[in-house]
There are 4 protein chains.
Amino acid sequence: MTSANIDYQKVLNQIQQEFADIHPSGKVASYIPELAKVPSDKFGMHLYDLEGNNYNFGDSNERFSIQSISKVFTLALAMKVVGDDLWNRVGVEPSGDPFNSLSQLENDSGIPRNPYINAGALVVADVLVSYFTNPKAALLAFLHEITGDSSIDFDTTVAASEQAEGYRNYAMVNYLKSFGNIENDVEKVLDFYFHQCSIAMSCRELAQAFIIFANHGTVLDSDREFLTGRQVKRINALMQTCGFYDEAGEFSFEVGLPGKSGVGGGIVAVNPYHYAVAVWSPPLNPKGNSALGMAALERLTTLTGFSIF
Amino acid sequence: MTSANIDYQKVLNQIQQEFADIHPSGKVASYIPELAKVPSDKFGMHLYDLEGNNYNFGDSNERFSIQSISKVFTLALAMKVVGDDLWNRVGVEPSGDPFNSLSQLENDSGIPRNPYINAGALVVADVLVSYFTNPKAALLAFLHEITGDSSIDFDTTVAASEQAEGYRNYAMVNYLKSFGNIENDVEKVLDFYFHQCSIAMSCRELAQAFIIFANHGTVLDSDREFLTGRQVKRINALMQTCGFYDEAGEFSFEVGLPGKSGVGGGIVAVNPYHYAVAVWSPPLNPKGNSALGMAALERLTTLTGFSIF
Amino acid sequence: MTSANIDYQKVLNQIQQEFADIHPSGKVASYIPELAKVPSDKFGMHLYDLEGNNYNFGDSNERFSIQSISKVFTLALAMKVVGDDLWNRVGVEPSGDPFNSLSQLENDSGIPRNPYINAGALVVADVLVSYFTNPKAALLAFLHEITGDSSIDFDTTVAASEQAEGYRNYAMVNYLKSFGNIENDVEKVLDFYFHQCSIAMSCRELAQAFIIFANHGTVLDSDREFLTGRQVKRINALMQTCGFYDEAGEFSFEVGLPGKSGVGGGIVAVNPYHYAVAVWSPPLNPKGNSALGMAALERLTTLTGFSIF
Amino acid sequence: MTSANIDYQKVLNQIQQEFADIHPSGKVASYIPELAKVPSDKFGMHLYDLEGNNYNFGDSNERFSIQSISKVFTLALAMKVVGDDLWNRVGVEPSGDPFNSLSQLENDSGIPRNPYINAGALVVADVLVSYFTNPKAALLAFLHEITGDSSIDFDTTVAASEQAEGYRNYAMVNYLKSFGNIENDVEKVLDFYFHQCSIAMSCRELAQAFIIFANHGTVLDSDREFLTGRQVKRINALMQTCGFYDEAGEFSFEVGLPGKSGVGGGIVAVNPYHYAVAVWSPPLNPKGNSALGMAALERLTTLTGFSIF
């Protein structure tokens, strides 16, 4: 099976058309006041393949708040700098619980079930805060390097908005610290975490950034290996089993690709050896994932007859 | 990426050699008295690819009790006969709990989290008991058809052994029935379930049976489609996220293939579009999966540099 | 504080009058078909004090299904015959869960949290089935002895009705047996359990039976000690903390007496050193306790200004 | 039954003697560094009855950190100032979980199960912080008034010690605030809470303070009613069902009195209409309650043959 014989632009056009009159019933994330302001009818998609081709439609060039999609970038960076030691502090199993659940930590002595639930991402953030003198600059540098675009940046208004209402994340870090699984000052870890979530990127930029996960860890047209094949296998496996909180099974079942969603309405998915694809539509289903985004990706693998399964 | 340029026999030989002196520390399943009698040093592996080639080593032709691996066959058969109605009675999410947990049912009103935990497999069994006049014969017929081997059969000694000690499964079916999610008589459902688990197959037979999950639902050298591509995508996705109970993430992370284990020490995995592979070694790790089997499959995808991710 | 200066009949008359026009909004238990037939407006109350006086109103002489109230009798009998060994198989802590929850057993390796949740009562039933050649006869003999009334009997229609729909109790006993905490045949334990729940008694008979828990274990006008003071302290303490499932705190808080409810709509409470009181009204609140019964007992301790606290 | 015919001093002497050579195997609380410094062999007891008599032995006049015992005082004060509105924000059921569990809040939308687990006490603290301009002064004033001893004070070293390591309490307040069940600034609530826990009192002072809970809410030799009988009934009922975390049933079962423990090794218990008693021994059992304290109180009700049951 190869990507070559599929006309991706035609498939994307069909998806755009199929959903042209759909107004998804979900709600735009409102717990972060700044996100609630985003128009609910934004809709865009961008697919970038290993031959370097770009296919897209709609609002695919407009930046939005990537939120939890950033957890893939921080995980990749942490795996790069601390290696397998990371797995002493965070697990690799699906949680069966919502993204912001604290209950699981109680049974597992403060070891988050995986790096994509909030608790796990906070431990990963702590790892980066310990390792880098300036972790925020290091994260941006990593993104600039894999995308070749140095304009990608934090949205400090969003970060501040999240900080002001982030009681549950404050609860989470303090709770992790009570188990000894946070090394740094609570405020420092949360400042980094709220900033990573506030990063603004477009579907095009996300697809281009995620191509390393479809390409053994190497940027296209470059011989620079950012991650090893083993590391990429693990990052993709974690997206597959844990990328959509308590809807990971549903996404795997319907779409059949490793992927990661964010409450800003973005979803990125990877077809290893073939392409990375990003979609954006703000209204969320009850599990907190973009309703239209999931449907669009389901159509992508159904219309092409081509998933990892 | 194609399978063509890999010398699978050489890879299997290396795996056999690497583990020649390893005595896995796990324990052979003992809760079913009959299984406890199996020698702990049995070890075999068989890989069957889409070109029809067979590669193997060790005890790959010796039959063993497939136990929970049978859940993939019954799921496939149930999807075939009742279609998407099945998903009203069983979910598709990983459970985060052990295979025989009853707790989850309490929170979810008797809807098992997925068809590979025992509760879910019992609901699938009930579906088949409702649909077929002779469900045991129907299951064997299905296996005979996809493998072309009509000698595959139940091991009635094992079934009887499991029945005698199966209090937790009796508890499970009664509990499901209290929620109205079992239609048939408790004894009838359990009789079918204990029989499906008792099926004896070798690594070779399992690899050949599972090739339909690597080949869009079609048996090799045949134009008969047993399952649609969409059904196969879903079966594989469920193996990926739920095939190893509370170790599904670990298997996905280390091996990177959809697969299913059984307490008889067998594991089958699928590399869609490429091959199916079965491995057998009775000693189980603390999560109830074959310790050596998982390690051998990790070596397979590492040595070939080739997983679904 | 003594009972002497309170005119209990006047207090009961006032309670009867206050609730004369109240139609409690709860529902009569319907999961046991036979219980659903009981008229919802039945209402009676009987108080029996240590001086041997009887006070009552309404349907206090009509027998009804005592259901879970029987757990106090079986616990008392089990404590009498096996002593403190009982506590190796069942705990003494409130569960915080509904009466028929299975989840707790999973965390605590099959040791029920207390003898008043169904799981605990089933273990107590198993103890009696092991100890007595004819446990059903032994239980009736015990009741006949402490009440002096040999007409108290099982309602075999109710027992049969419960058996036919008792899937959750079947689940529970099998589950307990899977942990090794049931010694006897599942059917035998359940037959005893469904019979104990089916016992029919009136408020008058219940108050007279419970007087031993207000009187150090001794029947009034007799020197025969059925239970020691230490045993009675423990039985009362368990009623206080665990007698109303996940509403034990509410009952303790509002009423301030140890007590036990049944889904037949009965509640019995004890004011140690003073009196035993029973009330009956079939409609149940959402937690499964008689709505009017709880309210009537709250009025009793409020109007008399006299509880254990 | 009256208190009059019991020689309490003789009973206390016997208890002192029985435990003279016992070195309880528990551990002194170490999570608050300042508490870890207290000698483990401290042992004292003081009983104060409604006739105004004092009985005691050992270190009964030495002050120690009352810790969670303070939750009874803050609950009493909150009930006094806001009345039944309090129960909209905190429940009255035993939790079945450890004192510092966060899990329960997740299922119950941020309503703590009862006012004696940490989460509940933090909500009570928030109520007082909202009501009083100077809540710390108000709490001390309440204690000075009911004891007649104006030297009772906070131990600011202990409060600071707790604040420095109080990550789990920080987690709890932030978590409660994420559900909207904390009105005030997190730091302000915790500052009050750490101070209330740091109060230093002796067994004698505790017994004298708790006499209002044995005397309908009125201080001895005074006609001033601090709390109504209904309020006292509820406070005692909550101590009975929830005063010892997940060991409330055990305490009720063994001792048979409402009581409250603290990790400083103190326990206070009340025999309504008769006496209040306090005991102090720092080593804690695995549930976090004074091991020797529980044993001493069990001897008290056994030797006197007199509990609430």
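# A tour of the chain contacts

Start by selecting Tyr8(B): at 1% relative accessibility, this residue counts as buried, because the cut-off for buried is under 20%. Keep in mind as you look around that the model is predicted. Now widen the selection to residues 8-18 of chain B, and you will have helix H1, where Tyr8(B) is found. Next, add Arg224(B) to the view. Tyr8(B) and Arg224(B) are 216 residues apart in sequence, and their C-alpha atoms are 27 Å apart in space.

**Stop 1: chain B against chain A**

Show chains A and B together. How many residues does each chain bring to the contact? Chain B gives 34 residues and chain A gives 34 residues. Between them, the two chains bury about 2,900 Å², with 59% of that area on carbon and sulfur atoms. To see where chain B loses the most area to chain A, select Lys233(B), Phe253(B) and Phe309(B). Together, these three residues account for 30% of what the chain B side buries.

Now look for charged partners. There are two salt bridges between chain B and chain A. For one of them, select Glu254(A) and Arg234(B), and zoom in: the closest N and O atoms of this pair are 2.9 Å apart. If you turn to polar contacts across this interface, 16 residue pairs are found, with both residues at pLDDT 80 or more.

Which helices of chain B each supply at least two residues to the side that touches chain A? Color H10 (229-242), H11 (248-254) and H12 (291-304) of chain B to see them. H10(B) provides the largest share of that side, with eight residues. Color this side of chain B by residue class, and you should find 16 nonpolar, 10 polar and eight charged residues.

**Stop 2: chain D against chain A**

Hide chain B and bring in chain D. Here the contact takes 14 residues from chain D and 14 residues from chain A. The buried area between these two chains is about 1,300 Å², 57% of it on carbon and sulfur atoms. Select Glu106(D), Tyr167(D) and Arg168(D) next: they supply 39% of the area that chain D buries against chain A, more than any other three residues.

How many salt bridges link chain D and chain A? The count is zero. Polar contacts across this interface also come to zero residue pairs, counting pairs with both residues at pLDDT 80 or more.

For the helices, select H3 (103-107) and H7 (167-178) of chain D, the elements that give two or more residues to the side touching chain A. The largest share, eight residues, comes from H7(D). By class, this side of chain D divides into six nonpolar, five polar and three charged residues.

**Stop 3: the axis between chains D and A**

Keep chains D and A on screen. Rotating by 180 degrees, with 0.0 Å of shift along the axis, superposes chain D on chain A with an RMSD of 0.0 Å. That is the relation of a two-fold axis. To find a place beside the axis, select Ala171(D): in chain D, its C-alpha is the nearest to the axis, at 1.8 Å. Of the interface residues of chain D, 100% are also interface residues in chain A, so the copies meet through the same surface.

**Stop 4: chains that do not touch**

Finally, show every chain again. Chain A and chain C do not touch, and their nearest C-alpha atoms are 11 Å apart. Then select chains B and D, which do not touch either; their nearest C-alpha atoms are 11 Å apart.

Methods. Residues are numbered from 1 along each chain as its sequence is written. Chains are lettered from A and ligands numbered from 1 in the order in which they are written. This is a predicted model: local features need pLDDT of at least 70, side-chain atom pairs count only at pLDDT 80 or more; totals for chains, interfaces and linings use all residues. Side-chain values use heavy atoms; hydrogens and water are left out. Contact means heavy atoms within 4.5 Å. Buried area is the accessible area (1.4 Å probe) that two parts lose on being put together, summed over both. A salt bridge is a side-chain nitrogen of Lys or Arg within 4 Å of a carboxyl oxygen of Asp or Glu. A polar contact is a pair of N or O atoms within 3.5 Å; within protein, one must be able to donate a hydrogen and the other to accept it, and residues adjacent in sequence count only if both atoms are side-chain atoms. Helices (H or I, at least four residues) and strands (E, at least two) are DSSP runs, numbered from the N terminus. Ala, Val, Leu, Ile, Met, Phe, Trp, Tyr, Cys and Pro count as nonpolar, Asp, Glu, Lys and Arg as charged, and the others, Gly among them, as polar. Copies are superposed by least squares on the C-alpha atoms of residues with pLDDT of at least 70 in both. Buried means under 20% relative accessible area, exposed over 50%, partly exposed in between (1.4 Å probe, protein chains only).
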